[in-house]
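I opened my notebook on this one to look up cysteines and core packing. Here is the structure I had in front of me.

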Amino acid sequence: MDWDKGDGLLPAVVQDADSLRVLMLGYMDRNALRATLVNRLVTFYSRSRQRLWTKGETSGHVLELVDVSADCDSDTLLVLARPRGPTCHLQRQSCFENAPALAAPVADAMAAPDVGFLGELDALVATRARERPEGSYTTRLFEAGVRRIAQKVGEEGVETALAGVSQNDEHLLGESADLIYHLTVLLHSRGLSLADAVEVLEQRHKT
């Protein structure tokens, strides 16, 4: 790596490993890169604080490392990560508001819909679980407890199955959306996330 070009710092572009959305830009020195590789959590060098900081060390919205690579000049890093919650301090998935996201590799993009919103839903439910805003249906579910949430998942599962055999496409899609939402809430009530379930699917696909 050409550490001298930037006085010991290299720009690090962080990209969502699943949606390919650009999430943020930070800077790494040798120690930040080493900490990222060892701890598997994306860590930067803060130029304002003059110290290392792990993304999400306060908010809990960490970036779990998948891979790091250098560009052709060895003076910029591309970091692939899986975000656990919104990356931006404005509670957005990306610090770049209009950054595009892909649901599949480019070769398959024309054949597959963009499901990047599932990541946003996952992040929103995580925020609701943490902040519990008054008047939110999601808050009421979390306060009702895991048994009630599990019951709702069961109810929505049955309704989805029934819609699949006896109702039109619109009803099936509506019930499917309800099921995905309540399943996401159930996962977060157990300290898990929709991204964790997707990761299991990815591992099964690989094997």
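My entries follow, with the cysteines ahead of the cores.

**Entry: cysteines.** I kept in mind that this is a predicted model. How many disulfides does a search of the whole structure find? I got zero. I then asked why C88 is not bonded to its closest cysteine, C95. Their sulfurs are 4.4 Å apart, and a disulfide needs the pair within 2.5 Å, so the gap is too far for a bond. I also checked exposure: C88 is buried at 6% relative accessible area, whereas C95 is partly exposed at 37%.

**Entry: the largest core.** I looked up the largest nonpolar core and found 17 residues in it. V14, M28, V42, F44, L63 and V79 touch the most other members. As for where the core residues come from, β1 (10-16), β2 (22-28), α1 (30-39), β5 (63-70) and β6 (77-83) each supply at least two. There is also a second, separate core of nine residues, with V125, V153, Y181 and V185 among them.

**Entry: V79.** I listed its contacts, leaving aside neighbours within four places in sequence. V79 meets A12, V13, V14 and Q15, then M28 and V42, and also L65, D67 and V68.

**Entry: L77.** Buried or exposed, I wondered about L77? L77 is buried, with a relative accessible area of 3%, and sits in strand β6. Not counting residues up to four places away, its contacts include M1, L10, P11, M28, L33 and A70. I noted too that L77 and V14 are 63 residues apart along the chain, with their C-alpha atoms separated by 8.4 Å.

How values were computed. Residues numbered from 1 in each chain as written. Predicted model: local features only at pLDDT ≥ 70, side-chain atom pairs only at ≥ 80, totals over all residues. Heavy atoms only, no water. Buried < 20%, exposed > 50% of the residue type's maximum accessible area, 1.4 Å probe, protein only. Core = buried A, V, L, I, M, F, W, Y, C linked by side-chain atoms within 4.5 Å. Helix = DSSP H or I, 4+ residues; strand = E, 2+ residues; numbered from the N terminus. Contact = heavy atoms within 4.5 Å.
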